[in-house]
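Welcome, and thank you for opening the viewer. Please load the model, pick a cartoon display, and follow along one selection at a time.

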Amino acid sequence: MNVYHSRLFELRRLVRLGALDLTLPTPTIAANYMRVLCVFALALLFAMAAPAQKAVTDGVAVIVNDAIITYQDVEQYIGQAVDLLVRQYSRQPEAMRQKIGEARQDGTDQLVERQLILHDFKTAGYQFPMSIIEDTIQERTKQRFRDRVTMMQTLREQGITYETYRQRQHDEIIVEAMRRRNVPQDVLISPQKILDYYQTNKTNFAVGDQVKLRTIVLNKPPGDTGAVKQLAEEILRKINEGALLSDMAKIHSDGPQRNTSGDSGWSERDQLRKELADVAFSLKPGERSGVIDLRDSCWLIQVEEKREAHVRPLSEVRDEIERTLRINEAQRLQKKWIKKLKDKAFVRFF
């Protein structure tokens, strides 16, 4: 059975089962179903007009109310994600196929949600100033592309016209505005909820033995013949004579620690290079190492404090828990909103 006849068969089946009642009593309901029939007709035209191979990509993947999502829409939407997965799993073909399948399903669901939201925007009579939309599109275009020539070249490489790009940006702005309106991000999280989450997930806040370090790192250039180690030994000599390691770090360190006077914060053993961890965890608070000569760098480390393995206290993780609960609540409200839109919509997967 070809694509055309399968679509026609499906349309007849829906009518026979009563899913499409062609004798609906009210004009509004009848109009809605007429739109569905029109969309089915468009789907049939898609199937009839395209060659067999082209129908695979241009064929209808989903109908959402009066909008059609094609397989090509899905492939373009997930294009960058697929490219990344191909590179990441190039030596694992089975895993790659599975990941691409998951990305395709997730992309389809996201496009369906987008159409549900856009339909709600249009039918509910919301207003959004076109001047703001135009300004936002222009700003996004400037941030993404250096100039118009680069933009047009990139769009051609992606097989997208400027009109399509502009419409997608327009829709994205509308969808983002509707999400902000219907899914508040600043929901209040009660102290009791934070406490309950902490007590239920204490294992997530367990940490191993830790050291708080102050460090100086000197990177070795290619072909180094010992000059970096000699400099590290000179710095160590000055520290032993009374100079502060923090002051020496601000002057000499090559790492980001220069901006914090060598303060590297708290680290667990597995967060450090083995050579550094072995030295750091053998020192007592206030002690410092000699020159640690590695293949690519030389280090001086000083242990500021040490902590044994423990569960981080609630006072330390309260903000982290609150952020997690806010995200969870936003996701819950998002799903509830989308379900409400879907329940009153016509969605048909092919």
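**Stop one: the largest pocket**

Begin by selecting strand S2 (67-70), helix H4 (71-77), helix H5 (79-88), helix H6 (93-123), helix H7 (130-144) and helix H9 (162-182): each of them gives at least two residues to the lining of the largest pocket. Keep in mind as you look that this is a predicted model.

Which element supplies the largest share of that lining? Colour H9, which contributes nine residues.

Now show the pocket as a surface, if your viewer can do that. The space inside the largest pocket comes to about 1,200 Å³. Its lining is made up of 38 residues, and those closest to the pocket's centre are Tyr 77, Leu 111, Arg 114, Thr 164 and Arg 168. Show these five as sticks to find the middle of the pocket. Then try colouring the lining by class: 13 residues are nonpolar, 14 are polar and 11 are charged.

**Stop two: the sheet of three strands**

Keep S2 selected and add its sheet. This is an open sheet of three strands, ordered S2-S1-S9, and the pairing is antiparallel. S2 and strand S9 (347-349) are the edges; each has a single partner strand, so one side of each has no neighbour in the sheet. From one strand to the next, the twist averages 20°.

Zoom in on strand S1 (residues 60-64) beside S9, where three bridges join the two in the antiparallel sense. Which residue of S9 does Val 62 stand opposite? Select Phe 349 to see the partner.

Next, bring H6 back into view. This helix, which also supplies residues to the pocket lining, packs on the sheet and touches S1, S2 and S9. The direction of H6 makes about 30° with that of S1.

**Stop three: the sheet of four strands**

Move on to the other sheet on this tour. Here four strands form an open sheet in the order S5-S4-S7-S6, again with antiparallel pairing. Strand S5 (263-268) and strand S6 (292-293) are at the edges, and each pairs on one side only.

Select S6 together with strand S7 (residues 297-307): two bridges link them in the antiparallel sense. Show Ile 292 as sticks, then Trp 299, its bridge partner in S7.

For a last selection, add helix H12 (residues 245-252). H12 lies across strand S4 (210-219) and S7, and it runs at about 40° to S4.

Note on methods
Residues numbered from 1 in each chain as written. Predicted model: local features only at pLDDT ≥ 70, side-chain atom pairs only at ≥ 80, totals over all residues. Heavy atoms only, no water. 1 Å grid on protein atoms, 1.4 Å probe; cavity = no way out; pocket = protein on both sides within 12 Å on 5 of 7 lines; lining within 4 Å. Points joined across faces, edges and corners; volume = space filled by probe spheres on them. Nonpolar A, V, L, I, M, F, W, Y, C, P; charged D, E, K, R; others polar. Pairing = 2+ DSSP bridges. Contact = heavy atoms within 4.5 Å. Axes fitted to C-alpha atoms, helices over the stretch in contact; angles between N-to-C directions.
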